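Good morning, everyone, and thank you for coming. Today I would like to talk about salt bridges, and I will take them one pair at a time.

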Amino acid sequence: MEPSGFSADSEKPPVLRTLWRTHTHLPLPEDFVPLRLILQPSGAVVELTQPDVLVGRHSQADVRLPLPDVSRRHCRFLFSQGVWQVIDLNSLNGVFLNGEPIRQATLRAGDLIRIGSFIFAVDLNRSTPEATKFEASAGLIRRLFKQPPPHRRAS
């Protein structure tokens, strides 16, 4: 047998399969809405245009986040029954939604997702980039100040 793992008289090399890789051309549901993830604070946008997207550090992930605090298979975004969900794939550093660790959660507009050291604001609307940036900033401010400060007047 040759070092490559198949014999010289065999015509086909062994089939290499990656079982966790998402399908890149799934049929889109009729109610499909692309998910936009807006990197904070830069505003860079990652648009998820498939109903099943794998996020991780691995070179074959659908969305690659190449930092060591991101697991090779960190999380998966799924669209089904009209909603987007994020699922932690037993990552080392976890997935946080609005500051809380989650295993699986339904996403809403304005939510903040932390994957490793990346923080993304969720945008489910097809709006202008300026409106999206404003909504993401407003969502962050609301979460930083859970109760509004009392109204004070300058003296």
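Salt bridges in the model

Let me begin with Arg 103 and Asp 88, whose side chains meet in a salt bridge with 3.2 Å from N to O; please keep in mind throughout that what you see is a predicted model. Arg 103 sits in the loop between β8 (100–102) and β9 (104–106), while Asp 88 belongs to strand β6 (residues 83–88), so this pair ties together parts that are 15 residues apart in sequence. Asp 88 has a relative accessibility of 9%, and because buried means under 20%, Asp 88 counts as buried.

How many salt bridges does a search of the whole structure find? The search finds 4 of them, and I will describe two others here.

In one of these, Asp 52 pairs with Arg 76, and the closest N and O atoms are 2.6 Å apart. Asp 52 lies in strand β3 (residues 52–56) and Arg 76 in strand β5 (residues 75–80), so this salt bridge ties together parts that are 24 residues apart in sequence. Are the two residues, Asp 52 and Arg 76, buried or exposed? Both Asp 52 and Arg 76 are buried.

The last pair I will show is Asp 111 with Arg 108, a salt bridge in which the closest N and O atoms are 3.8 Å apart. Here Asp 111 is buried, with a relative accessible area of 1%, whereas Arg 108, at 54% relative accessibility, counts as exposed, because the cut-off for exposed is over 50%.

Key: Residues are numbered from 1 along each chain as its sequence is written. This is a predicted model: local features need pLDDT of at least 70, side-chain atom pairs count only at pLDDT 80 or more; totals for chains, interfaces and linings use all residues. Side-chain values use heavy atoms; hydrogens and water are left out. Helices (H or I, at least four residues) and strands (E, at least two) are DSSP runs, numbered from the N terminus. Buried means under 20% relative accessible area, exposed over 50%, partly exposed in between (1.4 Å probe, protein chains only).
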